[in-house]
Amino acid sequence: MASKSTLAYGARAARHPNPVAKRLFNIAEAKKSNIVVSADLTRTEELLHLADTLGPYIAVFKTHIDIVSDFSNATVVGLKELAEKHNFMIFEDRKFVDIGNTVQMQYHGGALRISEWAHIVNASGLAGDGIVQALTQTGTSDTFAYKGQRALLMLAEMTTKGSLATGSYTMNCIESAKKHNDFVIGFVANQALTHVETSQPSSDEEDFVIFTTGVNRATKGDPLGQQYQTPGIAIAGGSDFIISGRGIYATPDPIGTAQLYQREGWEAYQARVTNGS
């Protein structure tokens, strides 16, 4: 698979055909940040407080909305207002995996109203191409109120020890993304996926975004099998946006830590662009 990771975000924004990817790169360029904070919090007040506190330093705010025990309209309104206030995008880490019809209803409608507030969602490739087709059908429909403002990432790899998201699974995720590139803007992956061979050739216009989870400066793992890498290693490996949760907000100084990750991630990105030019 082709990679445009040695190009500057601004250059990628200028040439990218997808408006969500274009906006994402422009936010990164404007804020000099490729940081995604993963907010695994269970109360709306905590979630919104973190978004407001770290919003100035991040490009994307990532949620697991189904763990928010008091989810309500106030959660939706608050997230949307803070995304506007601090110029970040919202990524709901839903990992959709079901038949297409069910996934369409989970995404657009349902109790969590995901399509109303999440600019980006993700899906597992385990259910096959039908799930990607279904989400693309919803997201690109002329009757969809947020057409051109929503996008999908494929969960191509995971950072957990013993993950089965490898080999042919990863390849099939890429195949689906290429097929539905009007809605799929990239992947959740541990690295650039240039080493993965697919049946569909890469075009000069192809520019999929890589989001990498498990970024932590202070530790290499946790007791439940999570494996971490540093911001510099992740960016050098081809990641475009690096995701960190507890490594930032569970520290004594979340703002100072977020600024440190922001600086290290940005410097690693600048070095990658310089070395690749």
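Trainee: Which side chain does E206 meet in a salt bridge?

Mentor: In this predicted model, the side chain of E206 meets that of K178, with 2.6 Å from N to O.

Trainee: Where do E206 and K178 lie?

Mentor: E206 belongs to the loop between strand 6 and strand 7, whereas K178 belongs to helix 8 (residues 167–179), so the salt bridge ties together parts that are 28 residues apart in sequence.

Trainee: And are they buried or exposed?

Mentor: E206 is buried, and K178 is buried as well.

Trainee: Which residues are joined into one network by salt bridges that share partners?

Mentor: That network consists of R12, D207, D240 and R272. Within it, R12 and D207 form a salt bridge whose closest N and O atoms are 2.7 Å apart, and the two residues come from distant parts of the chain, since R12 sits in helix 1 (residues 9–15) while D207 sits in the loop between strand 6 (184–188) and strand 7 (209–212), 195 residues away. Both R12 and D207 are buried.

Trainee: How many salt bridges does the structure hold?

Mentor: There are twelve salt bridges in the structure. Another of them links D93 with K95, where the closest N and O atoms are 2.9 Å apart.

Trainee: Why does D93 count as buried?

Mentor: D93 has a relative accessibility of 8%, and buried means under 20%, so D93 falls in that class.

Trainee: What about K95, then, how does it count?

Mentor: K95 counts as partly exposed because its relative accessibility is 26%, a value that falls in between the 20% limit for buried and the 50% limit for exposed.

Trainee: Changing topic, how many helices and strands are there?

Mentor: The secondary structure comes to eleven helices and eight strands. The eight strands of the sheet form a closed barrel in the order 1-2-3-4-5-6-7-8, with parallel pairing, and neighbouring strands of this sheet are turned by 30° against each other on average, with direction ignored.

Trainee: Let's take one pair from that: over how many bridges do strand 2 and strand 3 pair?

Mentor: Strand 2 (residues 60–63) and strand 3 (residues 89–96) pair over four bridges, in the parallel sense. As an example from this pairing, F61 has I90 in strand 3 as its bridge partner.

Trainee: Which strands does helix 3 touch?

Mentor: Helix 3 (residues 44–54) packs on the sheet and touches strand 1 (35–39) and strand 2, and the direction of the helix makes about 165° with that of strand 2.

Trainee: How many residues of strand 3 are buried?

Mentor: Six of the eight residues in strand 3 are buried, so the strand is mostly covered. For the protein as a whole, 53% of the 277 residues count as buried.

Trainee: Last topic, overall dimensions: what is the radius of gyration?

Mentor: The protein has a radius of gyration of 17 Å, which agrees with the value near 19 Å for a compact globule of 277 residues. Along the principal axes, the C-alpha atoms fill a box of roughly 50 × 45 × 40 Å.

Trainee: And what does the accessible surface come to?

Mentor: The accessible surface comes to about 11,800 Å², and 52% of that belongs to carbon and sulfur atoms. As for contacts with a separation of 6 or more, 73% of them are between residues 24 or more positions apart.

Technical notes
Residues are numbered from 1 along each chain as its sequence is written. This is a predicted model: local features need pLDDT of at least 70, side-chain atom pairs count only at pLDDT 80 or more; totals for chains, interfaces and linings use all residues. Side-chain values use heavy atoms; hydrogens and water are left out. Two strands pair if DSSP finds at least two bridges between them. Axes are lines fitted to C-alpha atoms, for helices over the stretch in contact, and angles run from 0 to 180 degrees between N-to-C directions. Contact means heavy atoms within 4.5 Å. The radius of gyration is taken over C-alpha atoms; the globule rule is 2.2 Å times the number of residues to the power 0.38. Buried means under 20% relative accessible area, exposed over 50%, partly exposed in between (1.4 Å probe, protein chains only). Accessible areas come from the Shrake-Rupley method with a 1.4 Å probe; for residues, only the protein chains shown count as cover. A salt bridge is a side-chain nitrogen of Lys or Arg within 4 Å of a carboxyl oxygen of Asp or Glu.
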